[in-house]
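The exercises below are meant to be worked with the sequence and the coordinates open side by side. Try each task before reading the solution that follows it.

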Amino acid sequence: MASEIPKSRSNVTAPTPQNTPATNAPISSHAQAPTIGDIQEEDLDRVAAASIFAKNPALVNLMQQKLGSLVGKPSGYVESLPENVRRRVTGLKGIQKDHAKLEAEFQEEVLQLEKKYFAKFTPLYQKRTAIVNGDSEPTDQEVEAGVEEDDDEAPVDDGEKDEEKPAQEDVKGIPEFWLTAIKNQISLAELITDRDEEALRSLTDIRMEYLDRPGFRLIFEFAPNDFFTNKSISKTYFYREESGYGGDFIYDHAEGEKIDWKAGKDLTVRIESKKQRNKNTKQTRVIKKTVPTESFFNFFAPPTPPSEEEDEIASDIEERLELDYQLGEDIKEKLIPRAIDWFTGDALAYEEFEDAEDAEFDDEDDEDDEDEEEAESDEDDEEEGGKPRSQQQSECKNQ
């Protein structure tokens with residue numbers, strides 16, 4: 001489902017090419033004056049400005065606020081056009097509204113198509129859950145369809161005697177299926193601590209369902225365990241009722257279900273002990289304090305979008321909201337549909353392939369930079385009355 005992460009709740013008019021810039025000027029409050037002694041004369045103004053900004057962070061903040069208030073404000077260009085031209089501009093806005101209605105209809109039909117095929121996927125997910133939890137076995141046809149065509153992937157007989165191998169009836173389903181799949185999904189693996197793993201071993205299924213309104217719910221189902229009493233823990237992602245620019249659904253916020261932790265088993269907190277000494281009696285006592293700590297289960301306590309009054313004090317909230325939303329999308333779009341590929345690690349090949357493509361482009365850029373540096377070096381040698389360095393090296397080899 002297409003989405004848009006709102007960066008601000010304020011209504012901003014899109015600027016025309018003649019309007020003010022669409023983003024704040026890149027003025028840094030951490031600007032430092034250059035330390036190089038041989039500054040060119042034409043750079044002195046910039047150096048002086050950087051020095052002023054570095055010494056006056058309040059001035060920088062004031063300028064950024066002022067520039068931000070100018071974004072989207074009319075420049076007077078459209079208003080200065082002849083009346084018949086302005087009438088045409090208004091007419092184009094009316095046509096654009098019709099286009100926006102069609103875009104919204106398109107996104108709604110895409111959503112209905114997603115729901116239609118999700119209903120077809122659901123029986124397959126139910127079969128997967130039954131096999132993972134040992135409630136049923138795959139059919140011969142399903143096993144044959146899952147056999148790798150590559151002979152290199154065929155199992156190799158290691159010569160181990162059958163009596164030394166664990167009896168098949170001792171293993172039910174696929175142990176730690178979901179824990180393994182999550183640990184192979186990089187964005188989710190970063191959330192898991194060693195303390196979380198024992199609780200996540202009881203995870204029996206992860207499923208998704210669409211809401212009646214735009215949005216979806218992720219449901220984590222657990223077997224009885226020593227940490228909490230919940231049979232399932234859910235997290236719901238809500239979209240706004242109105243569509244965004246281009247007809248996309250706009251993500252609004254997420255809500256997590258409360259976890260009923262057993263006494264002393266809350267994985268989202270840790271106990272800190274601190275000794276205190278009485279100044280008069282000289283006696284000491286130990287004070288225990290509960291403090292938040294990193295845990296996968298913090299996923300079910302998502303950050304709250306700031307109000308307009310809190311925008312300035314919550315500078316990192318937008319980044320946290322975007323990360324939280326992306327984690328939900330990764331579970332919905334990657335983990336649930338292809339859980340077996342994440343369990344086996346096959347899905348990592350596709351992730352690594354994308355990284356490799358990026359690296360190839362980076363390497364080409366580096367090679368281009370090296371070529372440019374070599375060409376510049378040759379030009380410098382020629383200016384000094386000598387021969388290019390590459391030609392000198394060639395002549396030395398001939399000698």
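**Exercise 1.** Which residues are linked with Glu176 in a network of salt bridges?

*Solution.* The model is a predicted one, and side-chain atom pairs are counted only at pLDDT 80 or more. Searching the whole structure gives eleven salt bridges, and the network that contains Glu176 also takes in Lys183, Glu197 and Arg201. As general background, side chains of opposite charge can pair when their charged atoms come close.

**Exercise 2.** Determine how far apart the closest N and O atoms of Glu221 and Arg207 are, and place both residues in the secondary structure.

*Solution.* Begin with the distance: the closest N and O atoms of Glu221 and Arg207 are 2.8 Å apart, and the two residues form a salt bridge. Next, locate the partners, with Glu221 in strand β3 (residues 215–222) and Arg207 in strand β2, 14 residues apart, so that the pair links distant parts of the chain. Finally, check the accessibility: Glu221 has a relative accessible area of 24% and is therefore partly exposed, while Arg207, at 34%, also counts as partly exposed.

**Exercise 3.** Is Lys258, which shares a salt bridge with Asp260, buried or exposed?

*Solution.* The side chains of Asp260 and Lys258 meet at 3.5 Å, N to O. Since exposed means over 50% relative accessible area, Lys258 at 63% counts as exposed, whereas Asp260 at 36% counts as partly exposed. Asp260 also appears among the residues touched by Phe228, a list that includes Ala199, Ile259, Trp261 and Phe297 as well, when residues up to four places away in sequence are not counted.

**Exercise 4.** Which residues touch the most other members of the largest nonpolar core, and why does this core lie between two domains?

*Solution.* The core has 44 residues, and those touching the most other members are Ile206, Leu218, Phe220, Phe228, Phe297, Ile331 and Leu335. Its largest share, five residues, is supplied by helix α5 (residues 177–184). Because domain 1 (60–136) and domain 2 (174–358) both contribute residues, the core lies between them. Turning to helix α5 itself, Phe177, Trp178, Leu179, Ala181 and Ile182 are buried there, and the buried residues of α5 pack against several elements, including α3, β2 and α8 (317–335).

**Exercise 5.** Compare the burial of Thr129, Glu105 and Leu124, having first placed each of them in its helix.

*Solution.* Thr129 and Glu105 both belong to helix α3, and Leu124 is likewise placed in helix α3, which spans residues 83–132. With the limit for buried set at under 20%, Thr129 at 18% relative accessibility counts as buried; leaving aside residues up to four places away in sequence, Thr129 touches Thr204 and Asp205. Glu105, at 47%, counts as partly exposed, and its C-alpha atom is separated by 10.0 Å from that of Ser243, which is 138 residues apart from Glu105 along the chain. Leu124, with a relative accessible area of 52%, is exposed, and together with Leu113, Tyr117 and Phe121 it makes a nonpolar surface patch of about 390 Å².

**Exercise 6.** How many helices and strands does the protein chain have, and what part of its residues is buried?

*Solution.* The secondary structure comes to eleven helices and seven strands, and buried residues make up 25% of the 399 residues. The accessible surface is about 28800 Å², of which 49% belongs to carbon and sulfur atoms.

Definitions and conventions
Residues are numbered from 1 along each chain as its sequence is written. This is a predicted model: local features need pLDDT of at least 70, side-chain atom pairs count only at pLDDT 80 or more; totals for chains, interfaces and linings use all residues. Side-chain values use heavy atoms; hydrogens and water are left out. Patches are made of residues with over 30% relative accessible area and no salt bridge: like charges are joined within 9 Å, nonpolar side chains (Val, Leu, Ile, Met, Phe, Trp, Tyr) within 5 Å. Accessible areas come from the Shrake-Rupley method with a 1.4 Å probe; for residues, only the protein chains shown count as cover. A salt bridge is a side-chain nitrogen of Lys or Arg within 4 Å of a carboxyl oxygen of Asp or Glu. Helices (H or I, at least four residues) and strands (E, at least two) are DSSP runs, numbered from the N terminus. Buried means under 20% relative accessible area, exposed over 50%, partly exposed in between (1.4 Å probe, protein chains only). A nonpolar core is a set of buried Ala, Val, Leu, Ile, Met, Phe, Trp, Tyr and Cys residues joined through side-chain atoms within 4.5 Å. Domain bounds come from an automatic or database domain assignment. Contact means heavy atoms within 4.5 Å.
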